[in-house]
Amino acid sequence: MLLIAVVFSVVVIILALGFLYHRNFSYWTRFKSVPSGPGRIFSGNFFDFITFKTNFGYHLKTIYDDEKFTTAPVVGVYGLYKPCLLIRDLDLIKSVLIKDFEYFRDRFTKLDYHHDPLGGQMMFFGDYPLWKEMRTKLTPTFTSGKLKNMYPLIQQVGENMSKFLHSQPMVFQTELRDLCARFTTDVIATTVFGFKSNSLENPSEDFHKEVRRLTYFTWHRAFDFIVVMFAPKLQRLMGCKILYPETEQFLRVAITQAIAERETANSGGEKRNDIIDIFVKLKQEAAEKGEWEIDKFMECLMAQAGIFMIGGFETSSTTMSNALLELAKQPELQSRLRDEIKEAFVEGQGVISYDAISKMNYMDMVIYETLRLYPVLPSLERRYATPPGKPAYSLKPYCDFTLPEGMPIYISPYALHYDEKFWPNPRKFDPERFSLEQKANRHPMAHLPFGNGPHNCIGTRLGMIQVKAGLSYILKDHYVRVCNRTEIEPKFEAKANVLQVKGGVFLEIVKDEK
Ligand code: HEM
């Protein structure tokens with residue numbers, strides 16, 4: 001009798017799982033106007049990603065590039081178990097990111113505030129209305145005027161870079177991703193955390209170690225990322241966190257101390273013009289208005305410092321080293337850029353001013369083209385939600401489909417940046433694509449290295465300035481060339497969250513005696 005009951009139960013469970021599997025993975029076949037591929041149990045369309053054969057961005061690109069979908073405005077995909085939508089059409093992308101933002105206000109990736117208080121409040125992961133409040137309070141931090149005031153701090157790190165390179169042999173081989181990461185670490189330390197670090201001279205400094213920790217791969221962390229990306233509701237149950245406990249502790253101590261010290265210094269009229277000064281002002285305003293409990297507000301500021309640390313260091317250093325790789329491969333482009341740099345230094349009598357750096361046209365073209373070929377954040381995502389009192393969002397005239405509540409929406413800058421329709425000969429590094437004429441003839445959504453719309457990268461200007469300053473100080477008296485360790489056609493790291501050249505960028509740095 002017991003045996004029959006066990007067999008019966010097993011059969012019922014198998015049938016129920018089979019039914020759920022069939023119902024879930026036949027979702028898109030019910031909507032004939034949305035093309036899709038079959039999903040696989042447990043991984044949906046992302047088997048290679050969750051088994052670390054490819055990174056998520058690359059995987060999304062292969063779906064975008066699939067010849068079955070070349071004329072499709074949208075493609076139905078399955079993220080692990082959940083139906084999601086990949087948007088291919090540029091006008092529809094514009095609607096999602098900008099025009100109809102009220103329907104796509106949050107990212108799908110989410111961190112639970114109660115379980116992960118710092119991660120959950122970071123602007124990147126926080127939901128409306130917390131996101132809106134933080135975004136509004138912190139947007140003025142990154143205006144051109146504020147960055148101009150902050151620029152001397154970046155210049156100082158540039159001078160350290162120059163000194164460091166001059167202390168090296170006339171010709172030396174090095175891994176550029178690491179060198180550039182040491183530069184951006186020091187920029188973030190001085191602009192966001194309010195203290196000077198010199199990781200160029202001393203790579204074992206505590207701040208550098210803390211920042212590098214964010215890039216370590218561990219299976220535990222990789223698993224956590226998969227949960228928060230695809231099944232955020234399970235985060236609490238699974239105990240997933242985005243920050244290492246050491247990083248969280250570091251942020252709590254560093255920001256509390258920096259604000260306390262600055263409050264004392266500011267009372268004597270001293271200003272440093274960095275983000276800590278802005279945090280001090282925001283804290284004062286919060287206390288005056290009484291809208292926040294101060295301890296809670298402080299925690300929220302720590303969270304924003306954390307996302308500035310994550311967002312500000314690796315994105316920019318990777319972009320710098322990728323630009324140097326492409327410039328080493330095409331010395332004539334490097335010469336043109338170096339002429340522009342040298343002219344700016346001559347104009348500034350040995351220093352490069354904020355105004356001069358802002359005006360460097362060819363530098364802009366080189367960086368935009370680098371970010372086209374190497375979009376550090378290769379995918380963008382949003383979650384659909386119908387605003388109160390509004391009808392559900394129909395994708396007509398693109399296709400006959402109305403978005404269901406909570407559907408994840410993906411956009412693939414990586415795929416768009418390599419689409420021949422917008423970029424002839426897409427694998428070629430050609431900064432001319434960003435000349436005024438060529439830019440004017442292109443759809444703005446074809447190039448999305450900083451995302452777009454109200455959720456775009458808040459640090460775009462700071463990112464651009466630090467990349468420009470870094471390249472200027474490296475190429476001022478030196479040039480780079482390929483060497484026997486250079487990977488000319490690099491592959492991307494499968495395990496990294498950002499798009500990163502596998503194995504690093506090895507180049508030869510040569511002192512220019514001309
Ligand atoms: C080359 C440098 C950088 C690149 C390529 C980059 C790229 C991006 C991208 C693609 C997004 C997502 C945008 C979207 O979903 O539409 C983003 C968001 C963000 N980035 Fe950056 N970033 C860079 C530098 C920085 C810097 C320097 C900071 C701060 C110090 C920063 C802070 C942030 C934050 C806080 C967000 C979330 C914004 C929001 O959701 O409102 N980023 N970044």
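User: Which helix gives the most to the shell around the ligand?

Analyst: Good place to start! This is a predicted model, and in it 28 residues surround the ligand. Elements that each supply at least two residues of this shell are α6 (130-138), α14 (294-329), β4 (380-383) and α20 (460-475). The one that gives the most, with 7 residues, is α14.

User: How many residues of the shell are charged?

Analyst: Let's sort the shell by class. It has 13 nonpolar residues and 12 polar ones. The charged class has a count of 3.

User: Which protein atom is the donor to the iron atom of the ligand?

Analyst: Look at the loop between α19 (436-440) and α20, where C457 has its place. C457 is also listed among the residues closest to the ligand. The iron atom has a single donor from the protein, 2.3 Å away, and that donor is C457 (SG).

User: How far from an oxygen atom of the ligand does a polar side-chain atom of R107 lie?

Analyst: Polar contacts here count N or O pairs within 3.5 Å. The backbone takes part too: a polar backbone atom of N452 is 3.3 Å from an oxygen atom of the ligand. For the side chain of R107, the distance from a polar atom to a ligand oxygen is 2.7 Å.

User: How many disulfides does a search of the whole structure find?

Analyst: A disulfide is a covalent bond between the sulfur atoms of two cysteines. Here a pair must lie within 2.5 Å to count. For C84, the nearest cysteine sulfur, that of C399, is 15 Å away. Over the whole structure, the number found is 0.

Terms used
Residues numbered from 1 in each chain as written. Predicted model: local features only at pLDDT ≥ 70, side-chain atom pairs only at ≥ 80, totals over all residues. Heavy atoms only, no water. Near = heavy atom within 4 Å. Polar contact = N/O pair within 3.5 Å; in protein donor to acceptor, adjacent residues only side chain to side chain. Helix = DSSP H or I, 4+ residues; strand = E, 2+ residues; numbered from the N terminus. Nonpolar A, V, L, I, M, F, W, Y, C, P; charged D, E, K, R; others polar. Donors = N, O, S within 2.8 Å, 3.2 Å for Na, K, Ca; no water.
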